[in-house]
Amino acid sequence: MSTFDAAKFKATTRNQWDSAAGAWHRWGPTLSAWLGPATEVMFDLAGVATGSRVLDVAAGAGEQTLAAARRVGSNGSVVATDISAAILEHCARDASIAGLTNVETLAVDGEDLSTFPNSSFDAVISRVGLIYFPDRHRALRGMLRVLRSGGRVGAIVYSTPENNGFFSVPVSIIRRHAGLAPPEPGMPGPFSLGSPGVLEKALSVAGFTEIVIRKVDAPLLLPTAADCLRFEQESFGALHQMLSGLDAAGKKAAWDEIAEALGNFQTAAGFEGPCELLVAAGTKPV
Ligand SMILES: C[S@@+](CC[C@H](N)C(=O)[O-])C[C@H]1O[C@@H](n2cnc3c(N)ncnc32)[C@H](O)[C@@H]1O
């Protein structure tokens with residue numbers, strides 16, 4: 001029998017992202033360079049266009065929220081939501097600094113979109129967020145409900161561990177150090193929607209049609225492996241969550257091994273961390 005406690009997992013998720021909020025925001029330019037091209041594909045597939053009303057679920061510090069807000073223009077709007085109120089503060093501040101008056105932020109659990117009326121958005125987007133939800137079906141059903149007929153959902157997730165060494169190598173090292181069992185199927189985690197057919201099925205079972213899944217090669221390019229280590233150490237809430245059961249010495253031992261392993265992705269031209277994303281979209285049937 002599974003001992004997974006979804007409520008406890010979400011409380012830890014919120015805490016970890018509250019703490020990592022400042023760092024995730026600080027690494028915004030890296031996120032933009034790394035995830036920007038896939039984000040544009042997601043916007044295209046989800047039909048985010050001038051005048052669109054967009055809901056961003058698990059928006060984080062809002063790097064993609066602001067990109068969406070620029071795309072939809074002053075006749076459109078973006079509501080950025082996240083389980084962490086602390087991380088959304090960065091989104092709200094950046095929107096204000098950028099003079100974007102079409103961005104709103106709201107701290108809500110992406111599995112419970114009941115605060116939004118039926119059919120109130122043209123597009124719903126979620127970038128590397130859905131993977132961390134214990135009940136993805138409930139989240140996708142909520143997205144379907146708040147979309148207008150013909151509206152599109154767009155999501156970005158990591159594909160398989162084999163194609164995402166920049167993240168799967170640290171994850172497996174931490175798992176071993178922390179004595180964590182491999183995740184059971186259906187449990188939240190970085191690669192939980194990445195195996196062939198899983199995301200497509202989740203969208204279809206939730207009621208979406210015209211489903212499209214695109215693989216996008218998105219290597220994480222940084223000057224050195226040490227920069228990648230710092231990026232993950234400072235801002236990857238999921239890794240912190242997995243490390244939380246270790247004491248300081250145990251955490252250090254895990255990070256030391258990760259530092260060495262990430263060194264294998266160092267090339268003469270710099271650090272090239274393998275990353276493959278799936279960009280998915282589906283339509284709310286009319
Ligand atoms: C890897 S970050 C991605 C943030 C942003 N979409 C981006 O790409 O920069 C994952 C985000 O998912 C959020 N998250 C995790 N579980 C959530 C849930 N149940 N409801 C809403 N947000 C959640 C976290 O708080 C965090 O901000």
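Select the shell around the ligand and begin with helix H1, which supplies the largest share of that shell, three residues. The model in the viewer is a predicted one. In total, 21 residues surround the ligand, and the closest are Trp17, Ala58, Gly60, Ile83 and Gly110. Two elements give two or more residues to this shell: helix H1 (6-26) and helix H3 (63-72). Colouring the shell by class shows nine nonpolar, six polar and six charged residues.

**From the ligand to H2 and H3**

Keep H3 selected and add helix H2, residues 28-45. The axes of H2 and H3 come within 9 Å and cross at roughly 50°. At that angle H2 counts as oblique to H3, because angles from 35 to 65 degrees are neither roughly parallel nor roughly perpendicular. The crossing of H2 past H3 is right-handed. To display the contact, select Gly28, Leu31, Ser32, Thr39 and Phe43 on the H2 side. On the H3 side, the corresponding selection is Glu63, Gln64, Ala67, Ala68 and Arg71. By class, this contact of H2 with H3 comprises four nonpolar, four polar and two charged residues.

**The seven-stranded sheet**

Next, hide the helices and show the strands. An open sheet of seven strands appears in the order S3-S2-S1-S4-S5-S10-S6, and its pairing is mixed. Its edges are strand S3 (103-107) and strand S6 (209-217), each of which pairs on one side only. From one strand to the next, the twist averages 15°.

For a view of one pairing within the sheet, select strand S1 (residues 53-57) together with strand S4 (residues 121-127). These two strands run in the parallel sense and are joined over three bridges. Which residue of S4 is the bridge partner of Leu55? The partner is Val124.

**Helices on the sheet**

Now restore helix H4, residues 85-97. H4 packs on the sheet and touches strand S2 (77-82) and S3, with a direction that makes about 170° with that of S3. Then restore H7, which lies across strand S5 (147-158), S6 and strand S10 (276-283). The direction of H7 runs at about 155° to S6.

**From H7 to H5**

With H7 (residues 198-206) still displayed, add helix H5 (residues 136-146). H5 and H7 pack at an angle of about 55°, and their axes are 9 Å apart. That angle makes H5 oblique to H7. Their crossing is right-handed. On H5, the residues to select for this contact are Arg136, His137, Leu140, Arg141 and Leu144. H7 contributes Ala202, Leu203, Val205 and Ala206. The contact of H5 with H7 contains six nonpolar, one polar and two charged residues.

**The three-stranded sheet**

Finally, move to the open sheet of three strands, whose order is S7-S9-S8 and whose pairing is antiparallel. Strand S7 (220-222) and strand S8 (266-267) form its edges, each pairing on one side only. Select S8 with strand S9 (residues 270-273) to see an antiparallel pairing over two bridges. Where in S9 is the bridge partner of Thr267? It is Gly270.

How values were computed: Residues are numbered from 1 along each chain as its sequence is written. This is a predicted model: local features need pLDDT of at least 70, side-chain atom pairs count only at pLDDT 80 or more; totals for chains, interfaces and linings use all residues. Axes are lines fitted to C-alpha atoms, for helices over the stretch in contact, and angles run from 0 to 180 degrees between N-to-C directions. Helices (H or I, at least four residues) and strands (E, at least two) are DSSP runs, numbered from the N terminus. Angles under 35 degrees count as roughly parallel, over 145 as roughly antiparallel, 65 to 115 as roughly perpendicular and the rest as oblique. A crossing is left-handed if the near helix is turned anticlockwise from the far one by less than a right angle, and right-handed if clockwise. Two residues are in contact if their C-beta atoms, placed from the backbone, lie within 7 Å. Ala, Val, Leu, Ile, Met, Phe, Trp, Tyr, Cys and Pro count as nonpolar, Asp, Glu, Lys and Arg as charged, and the others, Gly among them, as polar. A residue is near a molecule or strand if its C-beta atom, placed from the backbone, lies within 6 Å of it. Two strands pair if DSSP finds at least two bridges between them.
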